[in-house]
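Here is a friendly walk through one protein model, written for someone who likes to check the geometry. Please keep the viewer open while you read.

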Amino acid sequence: MMGQQDRKEPLFYYFRLEDQIPETHLLRLIDRSVDFSFVRDRLTRFYSLTGRPSIDPEVLLRLLLVGYLYGITSERRLLDEVRMHLAYRWFTRLGFDQTLPDHSTFSKNRHGRFRAAGVFREVFEEIVRRCMAAGLVEVEGHHLTVDGTFVLANASPHRRVAWEQLAESAHASHTVRDYLAELEQQNPVADSPPEPPPASGTLSSAIPTPRGR
């Protein structure tokens, strides 16, 4: 007898995101092998102690790493992919109970406080270097420059992840600098608009007011 799929959705689901990601998935291996805890310590001085909380800087870097590994240079597309892809959501810590940042908010956070400092690129390069050291990322035909030291693009012979665990490894065609440069080009952030002129009837302080007789 021919079956027919019922399209009516159940009222409740039992669903655990953690259970959906294979043990050999690249992002799970990276999460297990690469320590991201240094990110907050390295970037904390760029954040104010008051005001509205920003995107967690570790989440910001995890999002960028997903884009880098899978060749996504559009921030709008990156957030769309994270919305639909279980492994991306799991890796970036953006579960179904959390609202994904808008691509413009993501872009402004990436640009704003780090625009005048190279530390953001340095932290991202450090993350990619750690992925390479674990044998999980290869940057073909390029090298990374981290703290003045050249890191060859081929995987380290002292990889921390066994070959049999590798269902896939990332073969990036960009260096970090190339990727960030393309990201900047494709996702420009407009400068702050100029202040509007004084409202009608308001006198500028540069114009002297006539004295009464």
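## Starting at the surface

A residue counts as exposed when its relative accessible area is over 50%, as buried when that area is under 20%, and as partly exposed in between. Tyrosine 13 has a relative accessible area of 59%, so this residue is exposed. You will find tyrosine 13 in the segment before helix H1 (26-33). Together with Phe15 and Phe96, Tyr13 makes a nonpolar surface patch of about 370 Å².

For the protein chain as a whole, the exposed surface comes to about 14,100 Å². Carbon and sulfur atoms supply 51% of that surface. On the other side of the balance, 39% of the 213 residues are buried.

## How far to trust the model

This is a predicted model, and its confidence varies along the protein chain. The mean pLDDT is 75, with 69% of the residues at 70 or more. Among the elements, helix H5 (residues 86-92) has the highest mean pLDDT, 95, while strand S3 (residues 149-152) has the lowest, 40.

Two stretches call for care. Over residues 141-158 the pLDDT stays under 50, although the model gives this stretch 35 contacts beyond four places in sequence. Residues 191-209 also have pLDDT below 50, and here the model has one contact beyond near neighbours in sequence. Where pLDDT is low, the predicted coordinates should not be read in detail.

## The overall layout

The protein chain holds eight helices and four strands. In sequence order the pattern is α-α-α-α-α-α-α-β-β-β-β-α. Take the contacts between residues at least 6 apart in sequence: 73% of them join residues at least 24 apart.

Helix H6 (residues 103-111) gives a good view of the packing. Its buried residues are Phe106, Ser107, Asn109, Arg110 and His111. Against which elements do the buried residues of H6 pack? They pack against helix H3 (57-69), helix H4 (75-84), H7 and H8.

## A closer look at helix H7

Helix H7 covers residues 119-133, and its length can be checked with simple arithmetic. At 1.5 Å a residue, the 15 residues of H7 should span 21 Å, and the end C-alpha atoms are indeed 21 Å apart, so the model agrees with the expected value. Just after H7, glycine 135 takes a positive phi of about 80°.

The buried residues of H7 are Val119, Phe120, Val123, Phe124, Glu125, Glu126, Ile127, Val128, Cys131 and Met132. As background for reading that list, an α-helix has 3.6 residues a turn, so residues three or four places apart point the same way. Glutamate 122 also has its place in H7, but its relative accessible area of 35% makes this residue partly exposed. From glutamate 122 to valine 176 there are 54 residues in sequence, yet the C-alpha to C-alpha distance is 9.3 Å.

## Salt bridges

The model has 14 salt bridges. One of them joins the side chains of glutamate 18 and arginine 28, with 2.9 Å from N to O. Glutamate 18 lies in the segment before H1 and arginine 28 in helix H1, so this pair ties together parts that are ten residues apart in sequence. Are these two partners buried or exposed? Arginine 28 is buried at 6% relative accessible area, whereas glutamate 18 is partly exposed at 31%.

Arginine 28 also meets glutamate 23 in a salt bridge, at 4.0 Å from N to O. Glutamate 23 is partly exposed, with a relative accessibility of 48%. Glu18, Glu23, Arg28 and Arg32 are linked in a network of salt bridges.

Another salt bridge links arginine 177 with glutamate 125, the closest N and O atoms being 3.7 Å apart. Because arginine 177 lies in helix H8 (residues 176-186) and glutamate 125 in helix H7, the pair ties together parts that are 52 residues apart in sequence. Glutamate 125 is buried at 2% relative accessibility, while arginine 177 is partly exposed at 47%.

Definitions and conventions. Residues numbered from 1 in each chain as written. Heavy atoms only, no water. Helix = DSSP H or I, 4+ residues; strand = E, 2+ residues; numbered from the N terminus. Buried < 20%, exposed > 50% of the residue type's maximum accessible area, 1.4 Å probe, protein only. pLDDT = per-residue confidence, 0-100. Contact = heavy atoms within 4.5 Å. Patch = residues over 30% accessible without salt bridge, like charges linked within 9 Å, V, L, I, M, F, W, Y side chains within 5 Å. Areas by Shrake-Rupley, 256 points an atom, 1.4 Å probe, with all protein chains shown as cover. Expected span 1.5 Å × (residues − 1).
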